[in-house]
Amino acid sequence: MRIEARLPEKNLQVQGTFAFDADDQTRDSVDVVVNKNMGRPTFRLLSPKQPQFVVKEVPAADGQAVYRFLFSPRLVPHQTVRIGFAYQGGTLPAAQFFLDSAYCMAGGYGVAWYPQVLARQADNSTSTMEGTGTIRVTTARRFTPVIMGSQFHSIGKGKLLTTEFTVRTPAIFSLFVGHYIRSDYSGPLPIGAYRLTRDTVTSAYVRKCARIIEELSQEFGPYAFGSFNIVEYPDEVAAKLGIGGISECAGIALPSASFGKPFNYALFGYELGHQWWGNAVRSTGKKGTGILSEAMAQYGSLQVVKRFDPTQTEQYRRTGYPGYNKEQSGLGYLTLVASGSDTALQNVSSAEAHSIGDSKGFLVLELLAETIGKERMRAALHHLTTKYRDHPLTWENFLNEIQQAAGQDLAWFYEQWLNRTGAPEWTLSWQLSGQGQVALKVVQPPRTAYRLRLDAELISTAGKTVRCVVEVAGATTTLRQEVPPDFIVQQVRLDPEFKVLHWSEEYRARAMVLADASRVRNLWLSGKVPEALAMGEAALAKVSQPDPYGAEFALCFELGFLQARRSRQSPAFREEAIAYFLRAVRCPVREPQGLTNAYLLLAKLAQAKGDKELFAWARSCALTADALTGNAEGVASRL
């Protein structure tokens, strides 16, 4: 494939050939996807010469164009098909695609910027074929192109630079072009960093990434690629596309702001987890695809936090890791449920992968590992990443492999955690039943009772504790626990570290209060901006004081964020965003991480407006708020 990346003209010219071997699913036809933003391609059949082919465009979503190649007569099994193509485009942004005079991002997982051949499975589902090959990219000399997971060499001629990339490990291709400074780091795994500015933190980031890859190799199996890359992209691109990070075959791409923050183990664990789940192992079928990519990567993130930042593990499970997406936590899931959004994990597709998969999904996978034993879970995952490296993994195969490794019937676990919506809830009562014994009674709703193994903590009037494990099942479970004779029980807590996703009185109250903000976010994410604004204003009108869980702040933040994203369309939207953020920061109850971001966004809006006084005040407040949360947002480097 040959690419001319003409950034000043905001244009990519792409031409070349692709090839595949015909199988039972592609002998009559094959579908090839090219995003409409890339222009209308021309195709020609290079080989074999005998069959004729007709190209028809079929309806598709998300700006993609699907071209169906119809062969007559049918292709011979295992026959190699070579098709030439040419097109040019790239003037408009798309998911994981950005092109202007200074930078280009073309993420193959988000947009078919090159012809992507769809493999059709026996159940009629499709997945994008990975490929190998040679890609030649021509740019102006001042730019450096990057394709991760490749070997490359460059040749300069006049004002142009041509770089030839060879990809030998099957991959989805992504292209980055910018004013990059490349740094190479030797070690057991070669690592390259592509930064847009020089700094002193890159080497530390690289070392920590290497340690995370080593840790995840213990969890998931050997790393599948021969190298690893970290690529920076501008914050402006992140804001326009709404992406905070991308995991590619053999590397990750992160916005500039990420390098100004303290190293975030949850974020890097998640992005690196995708090297196995979503990159090396890809899912197919009509069930569980979001769990086999997003939730598995997030499960890897939790293992990384447990290993390298263990004091934050419980908070990660409960309300989110500091500096990371707060919605990706137990409370994040419960808030989704309160807002009316829930899906059984077996039915989580790409549409719900980030919401349900990254909140409930990874916690259930952690519970599954605890249920069958960590070593058995590791053995199962090692087997899966080896067996399914060269062909897609289905939900059914995933469950069967886990059960086989577990050596036990997991139908009960699958039924309550994967096949139905919701989470457990219980009430606990206890009383002394004689010297040295406490009677416990756990009651669950009869229709949704779970089978659970829970930690219990008994606390005495002297502050001493007795810990034990209790097993509950059915609507009512009664049991007795022995304690020392002089142990006077004052309190009993079930699952004190939130190892099992569940409802509590506090979390139900918080989730119900924050549900309106969640609904607003879901509306604008689905493109329903007027509806989101109307719902947010209506919900604000109903907020009353006291507001212990910060409903007013959450709503003002979501509305401000929405209008800030639209601020380039009209100064009126910018003024509305400023007004929402000013109201947010003056609320009596403010979520700490959200408060930092509210001041940060307010400062950026003031800067764009040219309001020096407001900018100085918001910047100062953002720095103070960030300092109070351990500089988790890295405000100093972002303003």
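Colleague: In which loop is Lys-10 found?

Modeller: Lys-10 is found in the loop between strand 1 (2-6) and strand 2 (11-21). Please note that the model is predicted.

Colleague: What is the value of phi at Lys-10, and how should such a value be read?

Modeller: Most residues other than glycine have a negative phi. Phi of Lys-10, however, is near 50°, which is positive. Asp-495 also has a positive phi, near 50°; this residue lies in the loop between strand 29 (489-494) and helix 11 (505-525).

Colleague: Are Lys-10 and Asp-495 buried or exposed?

Modeller: Buried means under 20% relative accessible area. Asp-495 has 3% relative accessibility and therefore counts as buried. Lys-10, at 41%, counts as partly exposed.

Colleague: Which peptide bond leading to Pro-73 is cis, and how should that be read?

Modeller: Most peptide bonds are trans. The bond from Ser-72 to Pro-73 is cis, with omega near -5°, and Pro-73 lies in the loop between strand 6 (64-72) and strand 7 (80-89). The bond from Gln-545 to Pro-546 is cis as well, with omega near 0°. Pro-546 belongs to the loop between helix 12 (529-542) and helix 13.

Colleague: At what angle do helix 13 and helix 15 pack?

Modeller: Helix 13 (residues 551-565) and helix 15 (residues 592-609) pack at about 35°, and their axes are 11 Å apart. Their crossing is left-handed. Residues making the contact include Phe-553, Phe-557 and Phe-561 of helix 13, together with Leu-601 and Leu-605 of helix 15.

Colleague: How do the residues of that contact divide?

Modeller: Eight are nonpolar, two are polar and none is charged.

Key: Residues numbered from 1 in each chain as written. Predicted model: local features only at pLDDT ≥ 70, side-chain atom pairs only at ≥ 80, totals over all residues. Heavy atoms only, no water. Axes fitted to C-alpha atoms, helices over the stretch in contact; angles between N-to-C directions. Helix = DSSP H or I, 4+ residues; strand = E, 2+ residues; numbered from the N terminus. Left-handed = near helix turned anticlockwise from the far one by under 90°. Contact = heavy atoms within 4.5 Å. Nonpolar A, V, L, I, M, F, W, Y, C, P; charged D, E, K, R; others polar. Buried < 20%, exposed > 50% of the residue type's maximum accessible area, 1.4 Å probe, protein only.
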